[in-house]
Amino acid sequence: MTKKSNQSRLYVPEPPFRPGDTPDYSHIAVPANHTPPRPDPLCDDHETVEHATSLIRVMRFNGDVVGDWVPELTADMKRKGLRDMMLTRAMDDRMFTMQRQGKMSFYMKSRGEEAVSVAHAMALRIDDMTFPTYRQQGILINRGASIKEMMCQCLSNAGDRLQGKSIPVLYSFRDFGFFSVSGNLGTQMIQAVGWGMAEAYKDSDGIASAFTGEGATAEGDFHYALNFASTYRAPVILNVVNNQWAISSFQGIAAGEGETFAARGCGFGLATLRVDGNDFLAVYAATQWAAERARKGGGATLIEHFTYRKEGHSTSDDPTKYRPENEPEVWPFGDPIERLKTHLIKIGEWDEGRHAAQEEDCKVEIRQIYKEAEKMGTLSSATNVNDFTMFEQVYEELPNHLEAQIEAFKEEL
Amino acid sequence: MGDYRYKLPDIGEGVVEAEITAWHVALGDSVEEDAPIADAMTDKATIELTAPVSGVIKMVACEEGDMLAVGADLVIFETEEDTEEDNAAETAPAVQAEAKPAGSSTYAYKLPDIGEGVVEAEITAWHVAVGDEVEEDAPIADAMTDKATIELTAPVAGIIRTVACEEGEMLAVGADLVVFDVEGEGNTAPAEVTPLSTAIVPAKPNPSSTPPPSPVKSTPSKPVSGKVLASPAVRFEAKEKGLDMFLAKATGKEGEITHADLALLEKSFAQEEGETRIKVIGLRRVIAQRMQESKRNIPHFTYVDEIDVTALEALRKRANEKRGEDKPKLTVLPFMIRALAVTLGDWPQFNARYLDEAGYVSQFSDLNLGIAAQTDNGLIVPVIKKAQALSIWQLAEEITRLAEGARTNKLGTDDLTGATTTLTSLGPLGGIVTTPVINRPEVAIFGPNKIRKKLFLEEGEIIERLVMNFSVSCDHRVIDGYDAAKMMQDMKRALEDPLFMFLS
Amino acid sequence: MANPVTKQMNMIEAIRDAMDVKMTEDSDVLVFGEDVGYFGGVFRATAGLQEKHGLHRCFDTPISEGGIVGIAIGMAANGLRPVAEIQFADYIYPGYDQIASEAARLRYRSNGEFSAPLTIRTPVGGGIYGGTTHSQSPEALFTHIAGLKTVIPSNPYDAKGMLITAIEDNDPVLFLEPKRLYNGPFYGDPHTPSVSWAKHELGEVPEGHYKVPFGKVRKINEGSDLTILAYGTMVWVAEAAAKAAGVNADILDLRSLLPLDIEAISESVKKTGRCLILHEATRTSGFGAELSAQVAEACFFSLEAPIVRVTGWDTPYPHAQEWAYFPGPKRVINGIRKVMGDI
């Protein structure tokens with residue numbers, strides 16, 4: 001950060017490295033043994049102030065687990081988490097390639113952030129409603145939604161449950177606790193608070209969990225959400241996925257150079273946790289803590305998932321235009337899949353051979369599912385959705401003026 | 001085996017083309033599905049394009065560094081099996097269409113836009129004819145617009161295959177002026193060009209035959225109807241009732257027609273007591289139309305002179321007394337025709353038609369004289385052909401035949417067409433002066449009036465003479481008043497001293 | 001059905017009664033907004049509801065219109081029937097994104113998997129010296145949004161029946177309350193003594209549950225000289241102005257702007273051949289523009305004169321010049337004379 005002087009000058013934050021620079025993130029501390037203690041989930045919110053500025057980690061890079069956040073997870077569950085992450089990545093890769101072949105208009109990958117969605121989902125109940133962004137497809141994979149249906153939605157084909165109304169990746173899977181994703185950023189944080197308030201009003205112990213990137217914390221909706229969640233002690237988890245980049249704007253543009261994003265919650269009197277988002281077990285543990293707090297009437301928790309977006313924002317983006325090409329590799333927190341694999345191998349529950357085989361399995365499985373999905377058409381093929389469905393679901397019942405417009409559209413044909 | 005076309009995909013948000021910055025395959029390479037094919041760069045991103053199928057590369061689109069449009073074939077694979085996606089048949093071949101063989105092509109030279117809103121030009125002169133071999137830049141034709149006359153020159157060398165029109169005709173900007181047969185590549189598909197055999201080569205019009213059809217104007221100038229102001233409801237009412245709003249008197253504040261105005265108009269069309277309505281149809285309608293056209297288009301002037309027909313009447317009386325059994329009784333009409341034939345021989349501009357749209361006057365050596373005749377159905381005009389060649393007796397017989405035919409509706413087309421000028425006679429009924437309406441496209445019409453006795457003072461003596469007023473109406477566009485007066489003096493002389501009519 | 005028992009109410013009481021009826025019937029109905037809880041709302045529309053139905057059923061919110069609409073969406077998607085109050089329509093804009101991009105789109109983008117059956121109540125219009133920030137009529141900003149319904153009653157009877165319809169509607173409804181009409185019909189002249197709903201027949205409100213359907217106009221007066229399309233406060237100004245102008249007008253209270261009862265509108269304009277459109281909102285791109293276009297399309301061949309709009313000026317709502325801005329009887333009578341072809 002630029003040194004302060006006694007002269008006021010307009011300050012515009014710049015990321016430390018741009019294309020052509022050699023990125024060096026040695027200044028970012030990767031705490032090994034300094035994980036803050038795990039308080040009781042129903043503690044006073046002040047007891048989590050420390051957690052907003054430090055970093056909850058469970059796994060060391062050598063696979064050892066340390067500290068009192070180590071979750072009780074069976075090896076099977078850890079292997080399922082690993083497989084879900086690998087499946088998510090395989091699907092992302094496949095869909096990205098298919099977009100490049102013109103099969104769909106658009107796609108968004110979640111590489112590097114798979115632990116945030118998969119471990120988070122694993123720590124919730126399936127009836128806990130999540131309000132994800134476009135980078136939490138891992139929730140659906142973990143909860144067992146149909147990958148083929150996800151793909152069909154991206155292809156806007158005959159198998160698209162949304163009948164072509166939404167762009168790729170903006171899924172809606174109510175039965176899998178996955179709220180319809182909005183393309184307007186940040187808006188869903190406050191809706192999740194409302195959902196949670198309704199759960200509490202109905203005396204249900206269901207909770208809601210909402211996501212935003214660090215960039216959209218600048219939206220008013222984020223602050224509405226913190227305010228209302230605190231005011232009404234709503235049973236929600238408010239997740240900020242700090243992946244460092246909002247398209248081409250680094251997190252400093254969203255006031256990330258000062259206090260942490262988790263610390264935003266302290267002023268609202270919310271419990272606040274900041275977690276290593278590339279550490280599957282830490283994300284699981286933090287989520288579990290926040291979910292218990294919400295479910296038992298302790299109110300909302302703001303969790304900052306500290307991670308890194310390893311790919312472009314979307315298929316329309318080229319990160320080499322604004323950040324060093326090798327920045328994703330030198331980012332000091334490693335890769336969530338590699339780290340969980342190392343841990344599983346370390347505890348004797350996994351090996352390189354099985355891992356390689358599983359990677360191939362995921363690839364083959366995804367390719368197979370994709371072939372099936374594509375049989376139902378692509379955006380540009382003849383088997384896409386019926387144009388007349390565009391008039392449906394604007395309202396529950398078709399109003400007169402839309403009926404007239406359907407007739408006008410028929411004449412156009 | 002099948003072909004699979006991999007088209008450059010729409011790689012995001014409105015990108016229409018991409019630069020192919022690198023190829024990872026070459027012609028003949030065998031590639032696996034998902035293997036890298038090429039790198040494409042857009043304004044937004046550089047992306048790697050991978051193989052959607054396995055196969056052998058049989059076509060690559062371009063060189064590295066070339067731009068390629070989204071949707072264009074990037075590569076074509078020859079695939080092992082007929083994949084479902086085998087899409088080769090659905091598009092045009094990737095290879096460029098073979099160049100047309102040299103020598104067989106045509107070049108159409110369209111009338112260029114020769115300035116500021118000109119939409120057509122008159123081709124006033126041709127410097128080439130069909131079959132001519134012309135050099136590039138050689139003069140082709142002269143074109144005249146409101147603004148200028150310009151010379152049009154050949155844009156290419158070649159042989160003239162067709163020319164657009166006759167000299168004097170209007171041609172629309174953008175229409176083919178000439179079509180060349182050229183060496184090498186032309187600018188038209190052969191099919192677009194009119195074959196030589198049916199090229200527009202109209203025969204030269206024979207001055208004595210029917211005039212050529214007036215050339216079709218490229219932009220027909222319709223009379224622009226004026227605007228009527230009225231509310232939609234008033235317009236609707238007028239439409240429903242079939243009322244012509246142009247006929248209504250507008251009393252609205254803004255000059256608009258009101259419902260009340262329509263009601264007045266409707267009332268004015270209402271049948272009054274004692275009124276009988278007769279539909280104007282058939283011959284009546286044709287007459288109405290032709291008279292209206294004549295008066296609308298031709299600026300008439302009428303010249304009248306008084307003619308002493310005492311000698312003529314004496315001659316006619318004697319002729320009738322002396323005629324044989326086989327000869328018809330003579331009226332004054334054959335004598336007037338004779339006088340016209342003699343006079344118009346010297347005044348061909350009165351025995352003529354003016355094709356105003358085509359822009360020329362046709363004069364005729366024969367006097368084909370229309371004789372206006374009244375029938376029960378209305379006016380018809382049978383024609384005495386070559387009247388100058390007929391004797392008085394032949395004229396009288398022809399008049400009788402045509403009059404009878406007109407009454408009994410038995411005249412053929414030939415008897416009713418081809419007039420070069422017309423005589424209309426209301427003489428037997430009385431009247432002092434007529435101002436007849438010209439039978440368009442003729443340029444003159446003659447009208448004798450009733451013969452009556454009149455007293456004259458001659459060398460101190462009061463004498464009685466038979467006189468007749470004789471009218472001629474002329475098209476002032478092509479006949480001057482001076483000529484009409486001179487012609488009428490000749491006519492007067494011929495009728496007043498009738499012997500000479502038979503000596504010429 | 002026997003005549004229902006009625007009670008004379010003003011519009012606030014009718015609106016409150018609608019919420020009370022629904023809260024009694026359906027525990028999913030919650031009421032919230034700024035100052036609506038213990039205090040009962042700045043216009044008293046929710047007075048007594050917290051006391052009667054409990055803290056959880058009727059409560060205060062932070063001053064955060066985006067937040068109010070946002071939680072309403074989340075609650076509605078989760079099965080509740082939230083009725084949110086925005087204290088003045090002038091304050092609704094922070095919630096506009098939540099209304100336009102979220103509430104109105106949720107059913108569509110999830111293809112019916114989620115929906116947002118919420119009601120947003122908000123007072124609109126001037127006449128109370130509210131100036132730029134307490135007088136606006138932003139209806140046209142909402143009728144432009146596919147997926148939203150926008151309604152505006154002009155009297156106690158309709159207000160109660162329409163609010164019950166709104167709460168029971170499975171789509172989001174924006175319920176606009178003409179605040180000048182809360183206590184009585186307003187005929188446009190602020191210098192004459194106020195009239196209350198106490199003696200007006202539309203102040204006779206049935207007890208209990210009844211609905212006034214959306215998409216149906218109410219005919220305030222049957223006439224043949226011209227058609228006057230109005231809603232909210234302007235309905236009563238129209239009635240007074242037509243009387244003063246000595247014309248026999250078909251006065252249609254639109255009640256529901258979207259969906260719009262174009263059938264009744266065109267039937268009337270086809271009958272009269274003349275159409276005057278009134279609204280208090282600014283003129284350019286106001287809802288009158290939409291009405292004018294639809295009337296022209298549907299009734300063109302019946303029109304005897306240009307369609308005329310009488311509206312507020314294209315200025316912010318001024319404070320001291322309130323009655324110069326307001327499209328009062330004088331402006332409306334001028335409009336009537338214009339559409340009648342008298343001037």
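The largest nonpolar core in this predicted model has 211 residues. Within that core, Ala225(A), Val236(A), Ile228(C), Ala238(C) and Leu278(C) have the most contacts. Helix H8(A) is its top contributor, giving eleven residues. As a general backdrop, nonpolar side chains in soluble globular proteins tend to be buried together.

Pick Ile228(C) and you can follow the packing by eye. Leaving aside residues up to four places away in sequence, Ile228(C) touches Ala238(C), Ala242(C), Ala249(C), Ile251(C), Leu252(C), Leu276(C) and Leu278(C). There's also a second, separate core of 49 residues, and its members include Phe350(B), Val383(B), Leu395(B) and Ala494(B).

Staying in chain C, have a look at Asp253(C), which sits in strand S11, residues 249–253 of that chain. Is Asp253(C) buried or exposed? Asp253(C) counts as buried, because it has 26 C-beta neighbours inside 10 Å and 20 are enough for that label. Setting aside residues up to four places away in sequence, Asp253(C) touches Ser154(C), Val217(C), Arg218(C), Ile220(C), Ala230(C), Tyr231(C) and Val235(C). Arg105(C) is another story: 148 residues separate it from Asp253(C) along the chain, and their C-alpha atoms are 29 Å apart.

Over in chain A, helix H3 (residues 114–123) is mostly covered, with ten of its ten residues buried. Among them are Glu114(A), Ser117(A) and His120(A), along with Val116(A), Val118(A) and Met122(A). What do the buried residues of H3(A) pack against? Their partners in chain A are helices H2 (75–100), H4 (137–143), H8 (280–295) and H10 (336–346), plus strands S3 (236–242) and S7 (301–306). H8(A) is also the element that gives the most to the 211-residue core.

Now for the places where chains meet. Between chains C and A, 37 residues of chain C are in contact with 36 residues of chain A. On the chain C side, helices H3 (65–77), H4 (96–103) and H5 (106–109) each supply at least two residues. H3(C) gives the most to that side, with nine residues. Where chain A meets chain B, the contact takes ten residues from chain A and 14 residues from chain B.

Here's how two of these contact sides break down by class:

| Side | Nonpolar | Polar | Charged |
|---|---|---|---|
| Chain C, touching chain A | 15 residues | 16 residues | six residues |
| Chain A, touching chain B | one residue | six residues | three residues |

Chain B has eight helices and 25 strands. Buried residues make up 27% of its 504 residues. Among chain B contacts between residues at least 6 apart in sequence, 62% join residues at least 24 apart.

How far does the predictor trust chain B? The chain averages a pLDDT of 81, and 85% of its residues score at least 70. Confidence is highest in strand S17(B) (residues 300–308), at a mean of 95, and lowest in strand S13(B) (residues 149–153), at 77. Outside those strands, two stretches call for a bit of care. Residues 88–103 of chain B stay under 50 in pLDDT, and the model has twelve contacts for them beyond four places in sequence. Residues 190–225 of chain B are also below 50, with 39 contacts in the model beyond near neighbours in sequence.

How values were computed
Residues are numbered from 1 along each chain as its sequence is written. Chains are lettered from A and ligands numbered from 1 in the order in which they are written. This is a predicted model: local features need pLDDT of at least 70, side-chain atom pairs count only at pLDDT 80 or more; totals for chains, interfaces and linings use all residues. Helices (H or I, at least four residues) and strands (E, at least two) are DSSP runs, numbered from the N terminus. A residue is buried if 20 or more other C-beta atoms lie within 10 Å of its own, exposed if 12 or fewer, and partly exposed in between; C-beta atoms are placed from the backbone. Two residues are in contact if their C-beta atoms, placed from the backbone, lie within 7 Å. Ala, Val, Leu, Ile, Met, Phe, Trp, Tyr, Cys and Pro count as nonpolar, Asp, Glu, Lys and Arg as charged, and the others, Gly among them, as polar. A nonpolar core is a set of buried Ala, Val, Leu, Ile, Met, Phe, Trp, Tyr and Cys residues joined through C-beta atoms within 7 Å. pLDDT is the predictor's confidence in each residue, from 0 to 100.
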